[in-house]
Structure formats: structure tokens, C-alpha cells
There are 2 protein chains.
Amino acid sequence: MENKFAERARLVKSSETREILKVTEQPEVISFAGGLPAPELFPVEDLKTACHAVLNEDGAASLQYSPTEGYIPLREAICKRMQEIGVYSTVKDILITSGSQQAIDLTGRLFINDKDVIICESPTYLAAINAFKSYNAEFVEIEMDENGMMMDHLEKKLQEYPNAKLIYTIPDFQNPTGRTLTRERRQRMIELANAYDVLIVEDNPYGGVRFAGETLPPVKHFDTEGRVIYISTFSKIFAPGLRIGWVCADEAFIDKYVEFKQVADLHTDSFAQRITAKYMELYDIEEHIKKIRAVYKARCTEMLACIKEFFPKDLSYSKPEGGLFIWIELPEGVNSTLIFAECLKNNVACVPGVPFFPNGTQKDGLRLNYSNMSKEQIIEGMKRIGEVLHRELAKGTALL
Amino acid sequence: MENKFAERARLVKSSETREILKVTEQPEVISFAGGLPAPELFPVEDLKTACHAVLNEDGAASLQYSPTEGYIPLREAICKRMQEIGVYSTVKDILITSGSQQAIDLTGRLFINDKDVIICESPTYLAAINAFKSYNAEFVEIEMDENGMMMDHLEKKLQEYPNAKLIYTIPDFQNPTGRTLTRERRQRMIELANAYDVLIVEDNPYGGVRFAGETLPPVKHFDTEGRVIYISTFSKIFAPGLRIGWVCADEAFIDKYVEFKQVADLHTDSFAQRITAKYMELYDIEEHIKKIRAVYKARCTEMLACIKEFFPKDLSYSKPEGGLFIWIELPEGVNSTLIFAECLKNNVACVPGVPFFPNGTQKDGLRLNYSNMSKEQIIEGMKRIGEVLHRELAKGTALL
């Protein structure tokens, strides 16, 4: 019966990573593999109050069908947050989505024709790769350094691919590298996008979780022509389970997103939207985010200290100022999948770098998540990974 | 900047109906236009208890990322409900979706190639038409009578379109007609699907809301070759705002749905899934559904009585045994959009039949929803529509 599938079913493959992650869910495994927020920080008690208030004040409406665009007070609260980071939008520029993953997927659906070129960081977020691949996009990867996507390389590729449809970028604490694009490069990216008439999709799930350095305005702040589509989410600053994300873009774009959103799932959970808005009405979400930042900072610091202590000395790695991930660059010829398999034998997990490169491995690496494990788990887990790295790199068996 | 849209953006149009429905939301309008459940029946107090219990017992997990397939206890509860209506599935055959609209959309994404033929009832659910059209499907409409899709016409069209991909059917209290497919036709549909090797997509959002006549097993009950994909939802028996739907199909299909679901939005709201499961654990949802059935039966009976009293005598209309809708057939040459416009001038709304015909108007009609208005509103609203129908049909101005 599988011969009934559409052609595009070939384009979405059972992600190896997904299978991998299932293994890492066993309780004896110390996992730096997922991208999960620290669940002990979820504001469970405050949510009880918010749920109660929504059901008391607005019970029927919160359980009924609601407009595709989203709950207006939530969109207003998002506008206010966007304003605080330098993006001046109105409610009409905001669409609530079922997590930022849906915003990414709808972006592919709305803009990507067969074989359209997407320019992205190398490496980049694997679930965005999968979503765009499902629309048969092609990828042009741009080299990164510690300051994010390299603008000279971007310009070269824009010249080489004059019909490129969009630049997909995660400027803040990028997934998987944890790197942040500098202010100068953000401005330059806009100049280049204007010059080469290409859209920018700015995926910013982590921007709120900065725990060091100076806050930078989003790429969209510098947008002069309405060509930046900004995507974000409450997943990293509130609760990912509720699946509340958004798109902020010019109204003409949002109108078309709304049409596709309606076809995709009519609207995002009315109740989840209202309890998110109610939470922000009743509590100071900034105070809550401060707690997240403090915990993630401590965990990131611990993990970086462990790298220094336990890992081979010659490895390069990122030093993130926020977000959830550290990226370990592996020496050329070292296979991250093999390292991963060895780690798993020692009950510790990370994500091998391969799936983050849409065109196959370039500079292989390991992604380590620090947000979801305790200090003790970080120390013990990093020790184990360190042992694997020392042994495998010395033995040379990890060499291809 | 709109030149950046993908080709498929053309395929999804700003639905006229959507614009129409916005007008009908004005408080002075008596609206039979939407397909909204009666909000006064939402179990608001019980949901307070369920929310509290979930957050107490399972707070962190209910707010965290969760598996794409859905929350296992919810999938188990669905299996049990499916069993009660004669479909013997296991948890592995169930995927939780963000409402049944997402299940429909994923079905298009998974199965429909450019120009693939979908066979459907004429008329049929307009948001399914829109979803399938977004994948550039073509539609072959099958005539209906009071007993649903006509099997002789179906067979003729299967012969004519031997490469048809799937039959999309709403067997119970169809949207927009309110008609129900007989047991014999369900069995015959399976025989034909087997003989012509075509899939069946059984969309069954209303089956639980039967208030008269004998319960019929789903088409999937008669499925001998795993070719029926069954789609349903909690929207009409619990709360549509929570966006909890599901697909029940053979595991080989579900595995592929899961891959696309992951790309589309990672997973459905963890909290909404858990409060739905918790509600069913704490309360007897069948008792709740009984209340819905009683109210809808009374409203449907009232609306049918009003048709007899206020409408021109020569009109045909459906006499539903469940669901949310009555369909009024208009005499040939009468334009439902014009009737609708006249109704709106009198502050009463219905949905004109045109958008329910994927290939353009066949036998035009009006869809009337009775679930969302009180007895008094039904009487007053039907009086007004009756006046319009009498006047317009007599004047002949409604003739094309």
C-alpha cells in the first residue's frame, strides 16, 4: 500500500537522529542530546493559577474554535516584547503558530518551489533542514566562524546563486553551534539581502535566553524593506509543551501565512494561547526568564570547565553567551557518529554533527546540550565523553 | 515582495467564506453559518479539576516537549473508543494531530501528487477541499441522495478514473449535508475500493453526536485490506479549542504520518493532550456526550419544524440523525450567494453552498448549523430566512 505515497514522501526520511534520541531516553543515560529546557524551572504553580483564571473568566471562549491569526491579547503581548528588542510591529504583523516549527514549515510551504535555493549557516538546525527538504529545497551552506555566518562567503554565494529564495539564519546562540552573529554582520546581511533581493528568515528561539554579553537587536531591527520574516517561540522562555510560536512579518506576508495556517490546522490551541497570555498578565515573565538565564549560565559554565578539564586539548568549541548548546569541532576525518556510538556504550549521549549539514558533513562536530542536566550529571557525563574522545582520537580508530 | 511566493500559494485562496463568516460574527446577527459546538456545554468546571490534577501529578512533563506520536494514555483511550465502534486498532495505529484539520492536511501532504484525483461526495467539507487543493489535487464529485454517496455513481467514476488516489468521505452526518451513508453502502464502498485499489479517507468528526436512529459502524470497520485511513477529533464531543484530533490507520501509514507531523509542528500540545486524557480518566465522557446529543436533538428538531413552518413548501432538505448541519437544496438556477446576501441584510446568516462544490456549483444549497444557537434564536432566524426565500423565489430575482 506504500506505493500510494506521494513523491514528496521520499523527501522526508525517518530521521536517524530521532531513533538515536529514543535510545538516549533510557534513565541510565546522561543525555546532552536533546534540546529540552530544564523542566524544574517550568512555572507549574503559576500555571495552575493561570488555568483557573482563564477558565473562570473566559471558560467557553478558551475551549471554542478561535480565529486563525491567534488570540489578540497574546499577539499584543508579543508586539510589546518585539518592541523591547527593537522590532516595531503591529498586531496585524503577528501570526500565532503551533510552535516555531510550524512557522518554519509554513515558511517552506509558502515560499519554496521545487529546487529553490535556501542559503543557511553550515551547520544549521536539523528540523528546519527536514521541513525545507520536504518542499524539495536545495541548500547552499555558508561558512561560520565564532561570530556566526561569514558575510564575505555569503556575498560570494549570493553572486553564485542569484535566484536564491531566502537566507535562513539563527542569529542568536545558533543551533547547533551556540554562536551569535555580530551587530555588524546583521547590518551587512540586510544590505546584502536588499542588494540581491532575497528574503531573510530569522529564526530566533533562543534570543531571550542570553546570560552573558550584550543583547543585540534582531536582524529584523535593521530591515528596511520588509524582507525579514522573524520567527520565535515561548518554548525556551516558558513551556515548549504548549506549542506557542509566532511569525512576525509584513502584513502582506502574514495574510498569506494565515491562509496556509488555516489549511494546516485551523488555529493554534485557544486554551494554550489564553493561559500563556494570562500568565504574562498575572506574572512578570522577565523575572521568570532571569531564573532560566541564571541556571543555564551555571550549567554552560560548568560544561565549558569540563571541556577544559576532560577533553583533548586541541579541540575547538564554542563559548556561547546564551541558548542551550555548545558545539565541539572534531578534527578532520573524525566521524561524529562513531564517537556518538562509543559514548552511548558508556551511557552518555550527545548529537553527532552529520544531520546538521544539509549537504552532508562539512566540518563534523558534536552538539552538547547543557540546559537539561544537573551539575553532577554534567560533570559525570563530560568525564565519560572526554574518555571516549581521548581514547578514540589517540587510537586513530575514529579516523575515516 | 509577493513575487517571492511559491507556485502553490496560488492554490490557496483567501476563502470568501472566511470573509463572510467574519461579518456573521457581529452580535446582532443570528448565525447558522459556523460549525461551532454549543459553548454552554463545555465542561468548564471539570476541566478546572483536570488541569489542576495534570499540573499536580505531571506538571513538568505536561509542559515539556513530548513524542510526536502523542501521549500514550490518550492514544489508549482513543483505541478503546474506536473498539466500541467496531475498529480494532492498537496504540501504534494512532497518531494524535492538532485537530482533525491537521490530519486531513497531512493526508494530502502524504498522498497527493500534482493532479492526483480525489473522489468525494458532492458537496463536501470545504476546509478539506482547500487542504487538498493546496496539493493541487483534482476532484471527482459523486452524487448523493438522502443515504449518502451513491455507489453506482462511485463505481462509474472509479472506472472512468482508474488512477484515482483516494475516496474522501464523511459517512456520518456529512458536512455540509447532514446525510449518513447506509451500512450497505459502507460495505459496498470497501468492495469497490478493494476492487479498484484506491484508499479511503474516512473523516468522522460527528459520529459521536448521533441523536436519532441506529449507530452504524465506521467504514473502517469493514476494511479488510488496511486501506481505510480514519480521522476523528474531540472537537465535537469535548472542546474544539484544544485542537485534539487523531488518525487511525495501519502502522505503516502512521509511521509516515509521524515523519510529516514532526516536520509540521513536532507534536501536539502536551498539556492539551494530558488534560483530555485526564478528563476521560476522571469523568464519564459518554455522560457528557449524552448532554450534547440531547441539546442538539432539540435544536435540530426545532430547526426542522421551522423549515416546515416558515420555508417555501417545495424545498428539499436533509433530516439529520446527528451532527451539526441541515442542508437546504435550492431549486435549479437559484443562487445561494444571493440568498445569503439577502439574509445578511436581515441579520441572519447561513453558508451559501457554492464553496462546498470543489468543481463549482452543482446542486446549490444552503448549510444551516443548529448547534450554536438557542431555541429562540433558531425560531427568529429561521423566520427571517423563510421570508427571504419566499420573496426571492417568488420574485424570481434570485434566478440566474
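The exercises below concern a predicted model.

**Exercise 1.** Find which residue of β14(B) stands opposite Val351(B), and place the strands involved in their sheet.

Solution.
Step 1. Within β14(B), the residue facing Val351(B) is Arg367(B).
Step 2. Strand β14 of chain B covers residues 365–369, and 2 bridges connect this strand to β13(B) in the antiparallel sense.
Step 3. In chain B, an open sheet of 3 strands has the order β11-β14-β13, with antiparallel pairing.
Step 4. β11 (325–329) and β13 (351–352) of chain B each have a single partner strand and stand at the edges, so one side of each has no neighbour in the sheet.

**Exercise 2.** Determine whether Ile292(B) is buried or exposed, and list its contacts away from its sequence neighbours.

Solution.
Step 1. Locate the residue: Ile292(B) belongs to helix α10 of chain B, residues 285–310.
Step 2. Apply the cut-off: a residue is buried if 20 or more other C-beta atoms lie within 10 Å of its own.
Step 3. Ile292(B) has 20 C-beta neighbours inside 10 Å, and therefore counts as buried.
Step 4. With neighbours within four places in sequence left aside, Ile292(B) is in contact with Leu41(B), Val209(B) and Ile237(B).
Step 5. For Asp250(B), which is 42 residues from Ile292(B) along the chain, the C-alpha separation is 31 Å.

**Exercise 3.** Work out how chain A and chain B are related.

Solution.
Step 1. Chain A is superposed on chain B by a rotation of 180° with 0.0 Å of shift along its axis, and the RMSD is 0.0 Å.
Step 2. The two copies are thus related as by a two-fold rotation axis.
Step 3. Turn to the interface: 98% of the interface residues of chain A are also interface residues in chain B, so the copies meet through the same surface.

**Exercise 4.** Check the length of helix α7 of chain A against its expected span, and describe its buried residues.

Solution.
Step 1. Helix α7(A) has 14 residues (183–196), which at 1.5 Å a residue should span 20 Å.
Step 2. The end C-alpha atoms of α7(A) are 20 Å apart, which agrees with that span.
Step 3. Arg185(A), Arg186(A), Met189(A), Ile190(A) and Ala193(A) are the buried residues of α7(A).
Step 4. Looking down the axis of α7(A), these buried residues fall within an arc of 145°, so they line one face of the helix.
Step 5. Exposed residues Glu184(A) and Ala195(A) are carried on the face turned away from the buried side of α7(A).
Step 6. The cover over the buried residues includes β6 (148–149), α6 (151–160), β7 (166–169) and β8 (199–203) of chain A.
Step 7. After α7(A) comes Asp197(A), with a positive phi near 50°.

**Exercise 5.** Describe the partners of β12(A) and how far this strand is covered.

Solution.
Step 1. Strand β12 of chain A, residues 325–329, is mostly covered, with 4 of its 5 residues buried.
Step 2. One partner is strand β11 (residues 316–317) of chain A, joined to β12(A) by 2 bridges and running antiparallel. Here Tyr317(A) has Ile328(A) as its bridge partner.
Step 3. β12(A) also pairs with strand β15 (residues 365–369) of chain A, over 5 antiparallel bridges. In this pairing Ile326(A) stands opposite Leu368(A).

**Exercise 6.** State how chain A is divided into domains, and which element gives the most to the domain 1 side of their contact.

Solution.
Step 1. Domain 1 of chain A comprises 10–43 + 287–395, and domain 2 comprises 44–282.
Step 2. Their centres, taken over C-alpha atoms, are 25 Å apart.
Step 3. Domain 1 of chain A gives 30 residues to the contact and domain 2 of chain A gives 36 residues.
Step 4. On the domain 1 side, α10 (285–310) and β12 of chain A are the elements that give two or more residues.
Step 5. α10(A) gives the most to that side, with 5 residues.

Methods:
Residues numbered from 1 in each chain as written. Chains lettered and ligands numbered in written order. Predicted model: local features only at pLDDT ≥ 70, side-chain atom pairs only at ≥ 80, totals over all residues. Pairing = 2+ DSSP bridges. Buried ≥ 20, exposed ≤ 12 C-beta atoms within 10 Å, placed from the backbone. Contact = placed C-beta atoms within 7 Å. Least-squares fit on C-alpha atoms with pLDDT ≥ 70 in both. Expected span 1.5 Å × (residues − 1). Arc of directions from axis to C-beta. Domains from an automatic or database assignment.
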